[in-house]
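Let's take a walk through this protein chain together, starting with the whole and then stopping at a few residues. Keep the viewer open as you read.

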Amino acid sequence: MSLAPPALPVVQLRVPTDEDAVAWHRVFDDPDVMEFFGGRPSELSMYEEWTARQRRHDAELGFCLWTVLDGNGEVLGFTGAQPWPHRSYGPAGEIEIGWRLARPAWGRGYATAAARLTLERLRAARVERVVATIDALNERSIAVARRLGMERAESFTTPREGQEAVCFRLELRR
(Lines give C-alpha, C1' and ligand atoms only; values in the text may rest on other atoms or scores of the structure.)
Protein backbone atom coordinates (compact mmCIF):
# COMPACT_ATOMS: atom_id res chain seq x y z
CA MET A 1 0.00 0.00 0.00
CA SER A 2 1.47 3.35 -1.02
CA LEU A 3 0.52 6.63 0.45
CA ALA A 4 -0.61 9.36 -1.93
CA PRO A 5 1.10 12.71 -1.49
CA PRO A 6 -0.98 15.21 0.46
CA ALA A 7 -3.34 17.34 -1.61
CA LEU A 8 -2.06 20.79 -2.41
CA PRO A 9 -3.96 23.73 -0.97
CA VAL A 10 -6.27 25.86 -3.06
CA VAL A 11 -4.66 29.07 -4.27
CA GLN A 12 -5.72 31.89 -6.51
CA LEU A 13 -3.49 34.12 -8.60
CA ARG A 14 -4.35 37.68 -9.54
CA VAL A 15 -2.59 40.51 -11.29
CA PRO A 16 -1.11 42.66 -8.50
CA THR A 17 -3.19 45.64 -7.48
CA ASP A 18 -2.03 48.94 -5.97
CA GLU A 19 -3.06 47.52 -2.57
CA ASP A 20 -0.89 44.45 -3.16
CA ALA A 21 2.22 46.65 -2.98
CA VAL A 22 1.33 47.27 0.67
CA ALA A 23 0.49 43.60 1.23
CA TRP A 24 3.78 42.41 -0.34
CA HIS A 25 5.68 44.93 1.77
CA ARG A 26 3.93 43.61 4.89
CA VAL A 27 4.36 39.87 4.23
CA PHE A 28 7.99 40.25 3.14
CA ASP A 29 8.89 42.32 6.21
CA ASP A 30 10.58 39.27 7.71
CA PRO A 31 14.32 38.49 7.80
CA ASP A 32 13.61 34.78 7.18
CA VAL A 33 11.66 35.55 4.01
CA MET A 34 14.35 37.94 2.81
CA GLU A 35 17.33 35.73 3.75
CA PHE A 36 18.30 35.07 0.12
CA PHE A 37 17.33 38.57 -1.11
CA GLY A 38 19.70 40.72 0.91
CA GLY A 39 18.33 39.90 4.36
CA ARG A 40 16.05 42.88 4.84
CA PRO A 41 12.81 44.13 3.34
CA SER A 42 12.68 46.74 0.63
CA GLU A 43 10.96 50.08 0.98
CA LEU A 44 7.27 50.33 0.12
CA SER A 45 8.13 52.44 -2.94
CA MET A 46 10.02 49.48 -4.44
CA TYR A 47 6.92 47.27 -4.12
CA GLU A 48 4.77 50.03 -5.63
CA GLU A 49 7.07 50.16 -8.66
CA TRP A 50 7.34 46.37 -8.82
CA THR A 51 3.58 45.74 -8.78
CA ALA A 52 3.11 48.43 -11.45
CA ARG A 53 5.75 46.69 -13.60
CA GLN A 54 3.92 43.38 -13.14
CA ARG A 55 0.67 44.93 -14.37
CA ARG A 56 2.55 46.09 -17.50
CA HIS A 57 4.04 42.60 -17.99
CA ASP A 58 0.59 41.04 -17.74
CA ALA A 59 -0.86 43.49 -20.27
CA GLU A 60 2.06 43.13 -22.70
CA LEU A 61 3.14 39.49 -22.24
CA GLY A 62 0.10 37.73 -20.79
CA PHE A 63 1.98 36.78 -17.63
CA CYS A 64 3.65 38.41 -14.64
CA LEU A 65 4.45 37.85 -10.99
CA TRP A 66 0.92 37.32 -9.71
CA THR A 67 -0.27 37.87 -6.16
CA VAL A 68 -0.95 34.53 -4.45
CA LEU A 69 -4.12 34.31 -2.36
CA ASP A 70 -5.10 31.46 -0.07
CA GLY A 71 -8.60 29.94 0.02
CA ASN A 72 -9.77 32.79 2.27
CA GLY A 73 -8.47 35.51 -0.04
CA GLU A 74 -5.48 36.41 2.16
CA VAL A 75 -2.33 37.58 0.39
CA LEU A 76 0.47 35.04 0.83
CA GLY A 77 3.04 36.59 -1.51
CA PHE A 78 3.66 36.14 -5.22
CA THR A 79 4.47 33.61 -7.89
CA GLY A 80 4.64 33.92 -11.62
CA ALA A 81 7.12 34.68 -14.33
CA GLN A 82 8.85 37.59 -15.95
CA PRO A 83 11.73 38.11 -18.35
CA TRP A 84 15.08 37.67 -16.59
CA PRO A 85 15.84 41.27 -15.57
CA HIS A 86 19.67 41.23 -15.68
CA ARG A 87 21.96 41.48 -18.69
CA SER A 88 25.31 41.14 -16.97
CA TYR A 89 24.80 37.68 -15.45
CA GLY A 90 22.48 34.71 -15.32
CA PRO A 91 20.10 33.36 -17.96
CA ALA A 92 19.76 36.51 -20.08
CA GLY A 93 16.86 36.39 -22.53
CA GLU A 94 15.01 33.68 -20.60
CA ILE A 95 11.64 33.75 -18.82
CA GLU A 96 12.15 33.21 -15.10
CA ILE A 97 9.54 31.61 -12.88
CA GLY A 98 9.71 32.53 -9.22
CA TRP A 99 7.89 32.54 -5.91
CA ARG A 100 8.15 34.28 -2.57
CA LEU A 101 5.70 33.65 0.23
CA ALA A 102 5.10 34.88 3.76
CA ARG A 103 6.77 32.79 6.46
CA PRO A 104 3.47 31.35 7.85
CA ALA A 105 2.74 29.87 4.39
CA TRP A 106 5.98 27.87 4.21
CA GLY A 107 5.89 24.08 4.28
CA ARG A 108 2.18 23.88 3.48
CA GLY A 109 2.29 23.32 -0.29
CA TYR A 110 1.33 26.85 -1.30
CA ALA A 111 4.49 27.54 -3.34
CA THR A 112 4.15 24.31 -5.30
CA ALA A 113 0.41 24.80 -5.89
CA ALA A 114 0.89 28.40 -7.04
CA ALA A 115 3.88 27.53 -9.23
CA ARG A 116 1.96 24.69 -10.92
CA LEU A 117 -0.88 27.10 -11.66
CA THR A 118 1.73 29.50 -13.05
CA LEU A 119 3.06 26.79 -15.37
CA GLU A 120 -0.48 26.17 -16.69
CA ARG A 121 -0.87 29.88 -17.43
CA LEU A 122 2.54 30.06 -19.09
CA ARG A 123 1.70 27.12 -21.35
CA ALA A 124 -1.54 28.90 -22.30
CA ALA A 125 0.54 32.00 -23.10
CA ARG A 126 2.72 29.79 -25.36
CA VAL A 127 5.89 30.24 -23.34
CA GLU A 128 8.24 27.48 -24.51
CA ARG A 129 10.52 27.12 -21.49
CA VAL A 130 11.24 28.67 -18.11
CA VAL A 131 14.16 28.95 -15.75
CA ALA A 132 14.24 29.27 -11.99
CA THR A 133 17.31 30.98 -10.60
CA ILE A 134 17.70 30.07 -6.94
CA ASP A 135 20.30 30.81 -4.29
CA ALA A 136 22.37 27.61 -3.98
CA LEU A 137 21.65 27.52 -0.21
CA ASN A 138 17.86 27.92 -0.56
CA GLU A 139 16.87 24.28 -0.10
CA ARG A 140 13.13 25.04 0.11
CA SER A 141 13.01 26.75 -3.28
CA ILE A 142 15.23 24.10 -4.84
CA ALA A 143 12.75 21.48 -3.60
CA VAL A 144 9.86 23.38 -5.23
CA ALA A 145 11.76 23.55 -8.54
CA ARG A 146 12.33 19.79 -8.40
CA ARG A 147 8.64 19.14 -7.58
CA LEU A 148 7.79 21.10 -10.73
CA GLY A 149 9.98 18.74 -12.76
CA MET A 150 12.70 21.31 -13.38
CA GLU A 151 16.23 20.10 -14.04
CA ARG A 152 19.41 21.70 -12.79
CA ALA A 153 21.17 23.37 -15.71
CA GLU A 154 24.04 25.54 -14.48
CA SER A 155 25.29 27.66 -11.62
CA PHE A 156 26.81 31.11 -11.50
CA THR A 157 27.95 33.81 -9.10
CA THR A 158 25.61 36.78 -8.69
CA PRO A 159 26.81 40.36 -8.11
CA ARG A 160 25.88 39.98 -4.41
CA GLU A 161 29.16 39.09 -2.70
CA GLY A 162 29.54 35.37 -2.16
CA GLN A 163 26.11 34.44 -3.53
CA GLU A 164 26.04 31.40 -5.76
CA ALA A 165 22.89 30.73 -7.76
CA VAL A 166 21.63 27.56 -9.39
CA CYS A 167 19.61 27.74 -12.57
CA PHE A 168 16.90 25.14 -13.18
CA ARG A 169 15.14 24.74 -16.55
CA LEU A 170 11.85 23.29 -17.71
CA GLU A 171 10.58 22.83 -21.29
CA LEU A 172 6.88 23.69 -21.44
CA ARG A 173 6.13 22.45 -24.96
CA ARG A 174 4.09 19.29 -24.99
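What follows goes from the overall fold to one helix and then to four single residues. Please keep in mind that this is a predicted model.

Start with the inventory: the chain has four helices and seven strands. Read from the N terminus on, the elements run β-α-α-β-β-β-α-β-α-β-β. The radius of gyration of the chain is 16 Å, close to the 16 Å that the globule rule gives for 174 residues, so the chain is as compact as a globular protein of that length. Along its principal axes, the C-alpha trace spans about 50 × 40 × 35 Å.

How is the chain packed? Of its 174 residues, 45% count as buried. Take the contacts in the chain with a separation of 6 or more: residues 24 or more positions apart account for 61% of them. Turning to the surface, the chain exposes about 9,800 Å², and carbon and sulfur atoms supply 48% of that area. As for charge, there are 23 positive and 25 negative side chains, and the centres of these two sets lie 5 Å apart.

Now let's look at one helix. Helix α1 covers residues 18–27, and within it D20, A21, A23, W24 and V27 are buried. What lies over these residues? The cover of the buried residues of α1 includes β1 (12–14), α2 (44–61), β2 and β3 (75–83).

One of those covering elements, β2, brings us to V68. This valine sits in strand β2, which spans residues 65–69. Is V68 buried or exposed? With a relative accessibility of 0%, V68 counts as buried. Its contacts, leaving aside neighbours within four places in sequence, include V11, Q12 and L13, a run from E74 to T79 that takes in V75, L76, G77 and F78, and also L101 and A114. For a sense of distance across the model, compare the position of V68 with that of R146: the two are 78 residues apart along the chain, and their C-alpha atoms are separated by 20 Å.

Further along the chain, D135 is found in strand β5, which runs over residues 129–135. Although its side chain is an acidic one, D135 counts as buried, because its relative accessibility is 13%, below the 20% cut-off for that class. Which backbone atom lies 2.8 Å from a polar atom of the D135 side chain? It is the backbone nitrogen of L137. Beyond its neighbours within four places in sequence, D135 is in contact with F36, I142, Q163, E164 and A165.

Next comes S141, placed in helix α4 (residues 139–147). S141 has a relative accessible area of 12%, so it too is buried. Its side chain is joined to that of W99 by a polar contact of 3.1 Å. Once neighbours within four places in sequence are left aside, S141 is in contact with W99 and I134.

Our last stop is R126, in the loop between α3 (110–124) and β5. R126 counts as exposed, because its relative accessibility is 73%. Have a look at its backbone as well: phi of R126 is near 65 degrees, a positive value in a residue other than glycine.

Definitions and conventions
Residues are numbered from 1 along each chain as its sequence is written. This is a predicted model: local features need pLDDT of at least 70, side-chain atom pairs count only at pLDDT 80 or more; totals for chains, interfaces and linings use all residues. Side-chain values use heavy atoms; hydrogens and water are left out. Helices (H or I, at least four residues) and strands (E, at least two) are DSSP runs, numbered from the N terminus. Buried means under 20% relative accessible area, exposed over 50%, partly exposed in between (1.4 Å probe, protein chains only). A polar contact is a pair of N or O atoms within 3.5 Å; within protein, one must be able to donate a hydrogen and the other to accept it, and residues adjacent in sequence count only if both atoms are side-chain atoms. Contact means heavy atoms within 4.5 Å. The radius of gyration is taken over C-alpha atoms; the globule rule is 2.2 Å times the number of residues to the power 0.38. Accessible areas come from the Shrake-Rupley method with a 1.4 Å probe; for residues, only the protein chains shown count as cover. Lys and Arg count as positive and Asp and Glu as negative; His and the chain ends are not counted. The place of a charge is taken as NZ of Lys, CZ of Arg, CG of Asp or CD of Glu.
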